[in-house]
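Please walk me through this structure in the viewer, telling me what to select at each step and what is found there.

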Amino acid sequence: MQLSLAGAKDVNQVLLTHQHFDHIGGIPHLEFYSRIKTTQPVKIYAGGLTLATIARQFPFMQDVLEPHELFAWQPVKFDGVRYTPLPATHGTETFGFLIEKTGESALGNKRIAYFPDTGPLSTETADALKGVDVLIIDSSFHGKNRKPEGHLNIDEAIEQAELLGAKKTFLTHFTMHYDEPITAYELQELLAPYQGKILAANDGLEIPL
């Protein structure tokens, strides 16, 4: 649905962060895109555990998916953009992606970090993300962090962004399970002192690369 709203006509490759259902549950929607529109398998890139989970949960998809295994720190490149899977802190074999575009065509955001599911970043991952142009990061909770081993609350996400020296940060992966309820308007007020440097992500958001 989100791809349709964004006007996407084609899906060339799919990169997945990890095997949890809220991140792979939409895979079956690609079945008839492959069978009818392209008549070619869709290339999916993920860690070995995620690929195995998809094969087990969606066995009817095996002839319409072309799996490619990702490994931490080993980048893949599509259309002049490099995606490097970096370890996130969220269960077994969860990746975030460092997304980089080089050359004259880059519009300023040459390094984008995408970590929608993570707890505090490891030293190695944080070092690789220092000074990123855009950070997209897990902000699953407000108030008490109910799963600190694999998530951040809003305050922790802001602290992580500041430690990385990210030029702009978008908070994402919001949930309804807040220890302290907060409305979208109240969240905007909370982030206002950061003067646009830290924002709440929203549906339809576009980030130039």
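Begin by selecting Gln13, which lies in strand β1, residues 13–15, where helices (H or I, at least four residues) and strands (E, at least two) are DSSP runs numbered from the N terminus. This is a predicted model, in which local features need pLDDT of at least 70 and side-chain atom pairs count only at pLDDT 80 or more, while totals for chains, interfaces and linings use all residues. Residues are numbered from 1 along each chain as its sequence is written, and side-chain values use heavy atoms, with hydrogens and water left out.

Gln13 is partly exposed, with a relative accessible area of 27%; buried means under 20% relative accessible area, exposed means over 50%, and partly exposed is in between, with a 1.4 Å probe and protein chains only. Now add Lys43, Tyr45 and Phe78 to the selection, since these are the residues that Gln13 contacts when its neighbours within four places in sequence are left aside, a contact being heavy atoms within 4.5 Å. Gln13 and Tyr45 are 32 residues apart along the chain, yet their C-alpha atoms are separated by 7.5 Å.

Next, go to Asp79, in the loop between β4 (76–78) and β5 (81–87). Asp79 is exposed, with a relative accessible area of 70%, and its phi is near 50°, a positive value in a residue other than glycine. Most residues other than glycine have a negative phi. Then move to Glu93, in the loop between β5 and β6 (95–101), where phi is again positive, near 55°, and where the residue is partly exposed, at a relative accessible area of 29%.

From the loops, turn to Ile112, in strand β7 (residues 111–115). Is Ile112 buried or exposed? Ile112 is buried, with a relative accessible area of 6%. Not counting residues up to four places away in sequence, Ile112 touches Phe97, Leu98, Ile99, Val134, Ile136, Ile207, Pro208 and Leu209. If you also select Lys130, 18 residues from Ile112 in sequence, you will find the two C-alpha atoms 11 Å apart.

Now select Phe115, Leu129, Val132, Leu135 and Leu171, which touch the most other members among the 24 residues of the largest nonpolar core, that is, a set of buried Ala, Val, Leu, Ile, Met, Phe, Trp, Tyr and Cys residues joined through side-chain atoms within 4.5 Å. At least two residues of this core come from each of β7, α5 (123–129), β8 (134–138), α6 (154–164) and α7 (184–191), and α6 gives the largest share, five residues. A second, separate core has 16 residues, including Ile27, Tyr33, Val42 and Val64. In soluble globular proteins, nonpolar side chains tend to be buried together.

To look more closely at one member of the largest core, select Leu129, which, apart from neighbours within four places in sequence, is in contact with Leu86, Leu98, Arg111, Ala113, Phe115, Leu121 and Leu164.

Finally, show the whole chain, whose secondary structure comes to seven helices and 10 strands. Its radius of gyration, taken over C-alpha atoms, is 18 Å, close to the 17 Å that the globule rule gives for 209 residues, so the chain is as compact as a globular protein of that length; the rule is 2.2 Å times the number of residues to the power 0.38. Buried residues make up 43% of the 209 residues.
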